[in-house]
Each structure stands twice: as C-alpha cells, then as structure tokens.
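Visitor: I am new to protein structures, and I would like to understand the words people use for them. Could you show me one and explain the terms as we go?

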Protein chains: 2
Amino acid sequence: MKLKNNSYKKELKLVSQLIKNEIVDEKIIQQLYDYIFKSSGKQLRPLLSLIASSPDKRKTRKRLKIAAIIELLHTATLVHDDVVDESPTRRGIDTINKNWTNSHGVLIGDFIYSKAFMLMIGLSDMEILDELSKATNDISKGELIQLGLIGKKDVSIHDLIKVSYFKTGRLFEASAKCGAILAKKDNKTYINNLSNFSKYLGIAFQIKDDMLDYSLNAKQLGKPTLQDLSEGKITYPFYFALKNSNIKDKKFLLSILGSKKHYKNSKIIEKIELLGGIKQTEELLKSYIAKSVSFAKKIDNEQIREEMLNLTQFSYNRTK
Amino acid sequence: MKLKNNSYKKELKLVSQLIKNEIVDEKIIQQLYDYIFKSSGKQLRPLLSLIASSPDKRKTRKRLKIAAIIELLHTATLVHDDVVDESPTRRGIDTINKNWTNSHGVLIGDFIYSKAFMLMIGLSDMEILDELSKATNDISKGELIQLGLIGKKDVSIHDLIKVSYFKTGRLFEASAKCGAILAKKDNKTYINNLSNFSKYLGIAFQIKDDMLDYSLNAKQLGKPTLQDLSEGKITYPFYFALKNSNIKDKKFLLSILGSKKHYKNSKIIEKIELLGGIKQTEELLKSYIAKSVSFAKKIDNEQIREEMLNLTQFSYNRTK
C-alpha cells in the first residue's frame, strides 16, 4: 500500500513495536502472543487513527497508543473469528486454533481484548473510552447476527449491510473517530467527516473482502477460497447470484451453500459470475466507495483529505 | 446461603433485574442472553461488592451497577470456560456450547464482556475501571496458565495456587476492592482489609470447588463428577494423592489423568481419599479460610465484619 506521506509507515512500525514490546511473564502466553504478532496485516485501522489524529503531533505518544489499542482489539476479534469459522490459516500462516487448540484461541483472544482495555483506561479519555467500548460491543453484535443468518436462505441485502457495518465498518469508524477526537476535540465537523468517511470505507472493505472470497486468486489472501460459502454464509456475490437465478440455478446454488461436497471452485465461481453475482457486488462496492469519497472530500485539511482519498483507491483496487 | 442482613438479598435481586433488563435489539442475541441469565448462581462476587460498598448507601445506584458489571464479567468468563472445557452442563442446565455451538459461546461471551466494559465506562471512576480491567486480564492469564499445565505431570503447589488466585481469587478481590473504593475512597486500611479478605476467600472458594469435583455428590453442583480429571487437569486432591503415592499408585493415577477410559467414579474417589488427597486439600482449604478470616477480623465496621465472617463459614461448609 502506497501512502502519500511516508511518516505514517514509520509510525505504523512504532505501533507494531509498541504491541510487540508488551512482555508477559508467563511462557505460554508470551509464546501465543509472539506468534500472533509476528506477522502483521494491512494495519488499516491503526493507520486511519494515525492519519485522523495527525493534526496534533504534540500528542504523538498518545496517538501511537490509540493506534496500538485499536490493532489489539482488531487482532482479538480475528483470533476469535478463526475459532468461530474453524479457519486453518490467516495471513498465510496457521491460525492459533489450528496450531494449538480452540481453547487457546478463545483464551488468548480474551487476554488480548482485556489488555486493550487496560491500555485504553490508561488514556484517561472518557470520550475515546466510550467510543472504543461501544465499537467492541458492536463487533460482537455483528458476528452474532451473522451467526444467526447461517443456514437461512432468505437473507436480505439489508441484513448483509448491517453485518458489514457492525463487524467491519464499526471499528473503521471508531478508529478514525478516536484519532479525530484526540486531535480536534471541539471540531464536530472534522470528527463527523472522518467518522463517516471511515465507516463507509469499512463497509466497502468488507464488500471487497466478500468479493475476493469468490476470486480464483483467493489464495493470495492467505486463506482458503470460497470459505464463506463452505461455512454456509451468504455474502454479496452469492446473494446477487441467487437473486438473479432461475429455479434450476437456485436449486444448484442452495445445494452448495454450506455443503461439504467438493465441486470444482472454478465451476462455482463461473456460475456466480454468469449470474451477475460479481458484477452487482462490484456495483455495490462502487456505491460505498463513492459514499466514503464524498465525506473524504469534505475534510478541510488537504494533506489528510488526499491521504484518505488514496486509501479509498487502495481499498477499491486491492487484490488481497 | 444465609445472610445476616436481609437487605443484601433484596439488592442482589435488583442486580439480577438490572442485568435482565438490558434489552438487545437483535433476536438471536436476546435469546442467548436471556438463556444465560435465566438461572443465577451464588452471586458471591456481586454480594462481596455490595457488602464492601454498603457504608455509603447514598450511592445505591452506583453500588448496584458495579455489582451488575462484576456479575456480567464473571458470567462472560463462565461462558468461555464452558467452551474451553467442552462442558455440557452448568448450574444444572445445558451450556451455550451444548445447546447451540462453540461459536455461539465464544461470541456471546465477547458480547457480555464488552457490555460489561461499556457499563463500566459509564461509571466514570478511573480507579474502579483500572482495577476491573486488570482483574479481567488476570482471569484470562489464569486460564491460560492452567491450559499450559494440562498434560504436565510435574505441577507444583505453587502453580496450583497461582491458577486459583488468577482465575478465581482475582475477581473476588476486585469485587470487594471496587465496593470499598466506592464507599471509602480515602480509607486505605479499609480497602486493603476488604481486598485481602476477599482474595483469600476466593482462593479458598476455588480449593473447595476442586474438592467438590472429587465428591460423589458432585451432581449437586450441576456439572459432571471428576470433570477436571477427565480433562487432564491436575487439581489439589489429585496433586496431594499423587505426591503421597508409591510407584504402583502413581502409575495408576497418571493412567487415569485425562483418560477417556471409564473407571468407576467411586473407585477413583476412594483411591484419592485413601492416598490423603481429600484430607490434605481440606487442610489447605482451612489455611486459606484462616487467612481470609484474619483480614475479615481487621474490618472495623462490625456489621460488615460479621457478614464477611459469615461468608467464610458458608464457603467452607458448602456442599455445592
């Protein structure tokens, strides 16, 4: 990912360092902790927070701390997600539940969550605390709503958007919002523009994620292709394909949802594509990118505006 | 459990009500949430907090809120524990992981944790926030240490006490401490006496729990007998029995640890008893009850002192 301003790359490294430097006196915990943080992901959420808080460089330590807390919260959700989805790999390496057990995944996830809360409380900023704790609760809400939808065939586009917002958009939103609060506590316009921009970017990010799950190159993602489908999760490409299909196609699609039968991935993807599932998902993606851009354009700080517009481009084009 | 002052019973009902009144707008979440809170346990932790905070009756709303938060935190750990231990029943009813799935257990646990944090932040008391977030982190630390000990044969008494403190004593300690901070922020002696009393009571509570797991009447507990043993967890009765055993007994004991073979429960319990496992656990229990009592006696408020001494009696004598 290319950034306009290179200083953010340096700051992201400091954030990673801040996380890695947390030393745990118990061997088993240190081992799991190090394993989890030896590879880092795109770090988009801490980045959003760093960019949003950049107008106040005097608060650099606090800025880095908030970014680290956000990355910890995000990581805890990923570790629990991998248990829930029984995922064997993440970012190209074995998950905790694969390499150790589900129990390790549940407990180290709890450890990281509560660590994030401890650090958060050290910030002593009630507004930021409030936003982050609400966002954390909303993420689990999104995951639970999604779990409740598994096996259902009449999922609506409204359901899908709601899940995308809670499980992904919400933490994107909180990331930028907390950064913005730190830098410009009294500038409601700045805070609102950053929050909304980031919320829609997060939803778009999830839509793209769901699209990439139906791509033949999904292996680049470091996780198995068609994972959502095999878990019985209806996501955007499948939803649109199902909506556009005739009785025969519908029967086929529903038969492969959550099925352990091994159809050829390429055959399934071809079918979804043929039924317009990819094209319509791309249109939806474009509409959320556009919403995101519309708020980014309202940001009066030019440097931040350009950086954020750059991120929407990246999120739209990414192939992994 | 008999209390000296009946008003606490009324307050505990209000705490349960406070928890039950939390309405969630998503059906699946409401369903899981209601299921979890339809039965309540001993409510010892919220009770400790209510008693410790009782000197300041003007803060009743806040007192109830803290007690509710503590019960939420405790419940979240139980729900995750049941996933980790693959427990089928708790308090005599099916666990979430049994009645739904592990995924439901992980996610509703996260939901309840983050709910507790949201309510906590609403208290706007940094000292209480700090204590509760640290205690939550310590609980997961205790669970992880215990997980790391599974399969090990050279567990020390020091390891066992550490696990008992982190996974049980720590939240007991935080419960009384937060109550004490609320009532007498500047009275360090009061806060210390309450914290220490409660910490040792919690460790004693865990020792008794481990003892009850080796009782033939364990069904009263609402969970299977010899659950720890079958999970490969060395707890106090097994630890002492192993320590006292000759080569032949040692071989037998290690062969049943974590084994799926079905020996008769009564035979195993008889063996552990014969080897002094129960007697020595009882002695250890007595020593922690004594530590707890020694701090209770230092509490200058007579009503609170008597209530706490009463609780140590209950914890020592309980059969479920």
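Guide: Here are some questions and answers about this structure. It is a predicted model, in which local features need pLDDT of at least 70 and side-chain atom pairs count only at pLDDT 80 or more, while totals for chains, interfaces and linings use all residues. Residues are numbered from 1 along each chain as its sequence is written, and chains are lettered from A and ligands numbered from 1 in the order in which they are written.

Visitor: Why is A:Lys10 called exposed?

Guide: A residue is exposed if 12 or fewer other C-beta atoms lie within 10 Å of its own, buried if there are 20 or more, and partly exposed in between, with C-beta atoms placed from the backbone. A:Lys10 has 10 other C-beta atoms within 10 Å, so A:Lys10 is exposed.

Visitor: And what makes B:Val84 count as buried?

Guide: B:Val84 has 25 C-beta neighbours inside 10 Å, and therefore counts as buried. B:Val84 is found in helix H4 of chain B; helices here are DSSP runs (H or I) of at least four residues, numbered from the N terminus.

Visitor: Which residues does B:Val84 touch, leaving aside those up to four places away in sequence?

Guide: They are A:Ser103, A:Val106, A:Leu107 and B:Glu143. Two residues are in contact if their C-beta atoms, placed from the backbone, lie within 7 Å.

Visitor: What makes H4(B) and H8(B) roughly antiparallel?

Guide: These two helices pack at an angle of about 165°, with their axes 10 Å apart. Angles over 145 degrees count as roughly antiparallel, so H4(B) and H8(B) are given that name. Axes are lines fitted to C-alpha atoms, for helices over the stretch in contact, and angles run from 0 to 180 degrees between N-to-C directions.

Visitor: How do you know that the two copies are related as by a two-fold rotation axis?

Guide: A rotation of 180° with 0.0 Å of shift along its axis superposes chain B on chain A, with an RMSD of 0.0 Å. The copies are thus related as by a two-fold rotation axis. The superposition is by least squares on the C-alpha atoms of residues with pLDDT of at least 70 in both copies. Of the residues of chain B, B:Val106 comes closest to the axis, at 3.4 Å (C-alpha).

Visitor: How do you know that the copies meet through the same surface?

Guide: In chain B, 100% of the interface residues are also interface residues in chain A, so the surface is the same. In this interface, 35 residues of chain B are in contact with 35 residues of chain A.

Notes. Parallel < 35°, antiparallel > 145°, perpendicular 65-115°, else oblique.
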